[in-house]
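Trainee: I am new to this one. Where should we begin?
Mentor: Put it on the screen, and we will go through it step by step.

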Amino acid sequence: MKTVTIEHIVKRFSLEVLVGHHMLDKCLKKTKVRRPGLEFMDKFDFIATEHVQILGKNEINYLHTLSDDECKLRIANIVQYDPPCIIITSNQEEPLGLRQYCTEEHIPVLRTPDSTSEMSAKLDAYVTKEMAPEIAVHGVCVNVAGIGILLRGKSGVGKSETAHTLIGRGHRLIADDIVVLKKLSPQTLLGTHDEKNKEFLALRSIGLLNVVRLYGRAAFQEESRIALDIELTEWQDNALNNELELDTKFKTYMDVPIPHIQIQLQPGRDVAGLIEAAANNWYLQQQGYSAAEEFKKRLESEFEE
């Protein structure tokens, strides 16, 4: 898991630093931002601590209605929950006492022209991704018709060549060789590059290609949610390759189960076409349709007659 500092946030969102220029090396410990509600009141032990606090128009207007002493008291209630920083939205004027308390408690105060909802959404998404548990796996990640696919297999099996064919058919490369997987939730796995291999695709006998320079921006995508895990394997003559599978197989990464398909390779097989079919079939399944289930029902209906 990467460390996210206040300095990262300031640079990422071009925030104005009102207090704490020398305190920007503080690290975030929680991924979700909070708007103070109960925090304005007297201390409650069950309120979550160490969250970034955002002061929007409602909060600032409320503080401006209070007397000087009452305003300082409410701000002190926020500070005691040890937020890594406080962000004022919509370029509002800071409330009385905020600068003094935050200077004394070493809490940076930042300001943005963005609205509260805009800043909260952007900051939550950014911090969640940056602080997500992650692993690196050997493979290729592509986005096929909007569906993120992790291609795996032994070295030299043809993963990168297959990705190149898919790019030629209008799909997008995410990462080649090293794929970084980030766990955003118990059900969500994000695939991305490791920065060093961004936009690059390595093809045997050809060398390293920059897919954006060769095929344009549409050939590359920064990240994609992983929906399918496809393993490319050598052809096995004695394997049952036409089996009717009703039960989905899964491959697990960081406790996140991903539907798994194995595609056996043979000269002349349109592997890219099979991957497109697998992606489209997965999409139909998400809509509630299963070709295997429909076929099974037809067989059962025929036997009943």
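Trainee: Start with H193. Not counting residues up to four places away in sequence, which residues does H193 touch?
Mentor: This is a predicted model, so what follows is computed from it. Residues up to four places away in sequence are not counted here. What remains for H193 is I174, A175, V180, K198, F220 and E222.

Trainee: Where in the chain is H193 found?
Mentor: Look between two strands, β8 (188–192) and β9 (200–203). H193 is found in the loop between β8 and β9.

Trainee: Is H193 buried or exposed?
Mentor: Its relative accessible area is 6%. Buried means under 20%. H193 therefore counts as buried.

Trainee: Which side chain does H193 join in a polar contact of 2.6 Å?
Mentor: H193 has a side-chain reach to the backbone nitrogen of E195, at 3.0 Å. That one ends on backbone, and you asked for a side chain. The contact of 2.6 Å joins H193 to the side chain of E222.

Trainee: E195 came up there. What is the phi of E195?
Mentor: E195 lies in the loop between β8 and β9. It is not a glycine, yet its phi is positive. The value is about 75 degrees.

Trainee: Is E195 buried or exposed?
Mentor: The relative accessibility of E195 is 57%. Exposed means over 50%. So E195 counts as exposed.

Trainee: Now the salt bridges. How many does the structure hold?
Mentor: Some of them share partners, and R169, D270 and E276 are joined into one network that way. The count for the structure is 16.

Trainee: Which residue meets D194 in a salt bridge?
Mentor: The distance is 3.7 Å, N to O. D194 is partly exposed at 23% relative accessibility. Its partner is exposed at 67%. That partner is K196.

Trainee: E50 and K29 meet in a salt bridge too. How many residues apart are they?
Mentor: Their side chains meet at 3.5 Å, N to O. Both sit in the loop between β1 (16–19) and β2 (53–55), yet the pair links distant parts of the chain. The separation is 21 residues.

Trainee: Which of the two, E50 or K29, counts as exposed?
Mentor: Exposed means over 50% relative accessible area. E50 has 23%, so it counts as partly exposed. At 58%, the exposed one is K29.

Trainee: Where do E70 and R74 lie?
Mentor: These two form a salt bridge, with the closest N and O atoms 2.5 Å apart. They are four residues apart, about one turn of the helix. Both lie in helix α3 (residues 68–79).

Trainee: Which of E70 and R74 counts as buried?
Mentor: Buried means under 20% relative accessible area. E70 has 25%, so it is partly exposed. At 12%, the buried one is R74.

Trainee: L73 is in helix α3 as well. What separates the C-alpha atoms of L73 and I174?
Mentor: L73 is partly exposed, at 39% relative accessibility. I174 is one of the residues that H193 touches. L73 and I174 are 101 residues apart along the chain. Their C-alpha atoms are separated by 50 Å.

Trainee: On to helix α1 (residues 6–13). Why do its buried residues line one face of the helix?
Mentor: The buried residues are I6, I9, V10 and F13. Look down the axis of α1. They line one face because they fall within an arc of 100 degrees.

Trainee: What covers the buried residues of α1?
Mentor: The cover comes from several elements. It includes β1, β4 (109–111) and α5 (116–130).

Trainee: Which residue follows α1 with a positive phi?
Mentor: The phi is about 50 degrees, although the residue is not a glycine. It is placed in the loop between α1 and β1. At 60% relative accessibility it counts as exposed. The residue is S14.

Trainee: Last one. What accessible area do Y283, L284 and Y289 have together?
Mentor: They form a nonpolar patch on the surface. Y283 is in helix α8 (residues 271–286). At 45% relative accessibility, Y283 counts as partly exposed. Together the three have about 290 Å².

Conventions. Residues are numbered from 1 along each chain as its sequence is written. This is a predicted model: local features need pLDDT of at least 70, side-chain atom pairs count only at pLDDT 80 or more; totals for chains, interfaces and linings use all residues. Side-chain values use heavy atoms; hydrogens and water are left out. A salt bridge is a side-chain nitrogen of Lys or Arg within 4 Å of a carboxyl oxygen of Asp or Glu. Buried means under 20% relative accessible area, exposed over 50%, partly exposed in between (1.4 Å probe, protein chains only). Patches are made of residues with over 30% relative accessible area and no salt bridge: like charges are joined within 9 Å, nonpolar side chains (Val, Leu, Ile, Met, Phe, Trp, Tyr) within 5 Å. Accessible areas come from the Shrake-Rupley method with a 1.4 Å probe; for residues, only the protein chains shown count as cover. A polar contact is a pair of N or O atoms within 3.5 Å; within protein, one must be able to donate a hydrogen and the other to accept it, and residues adjacent in sequence count only if both atoms are side-chain atoms. Contact means heavy atoms within 4.5 Å. The arc is that of the directions from the helix axis to the C-beta atoms.
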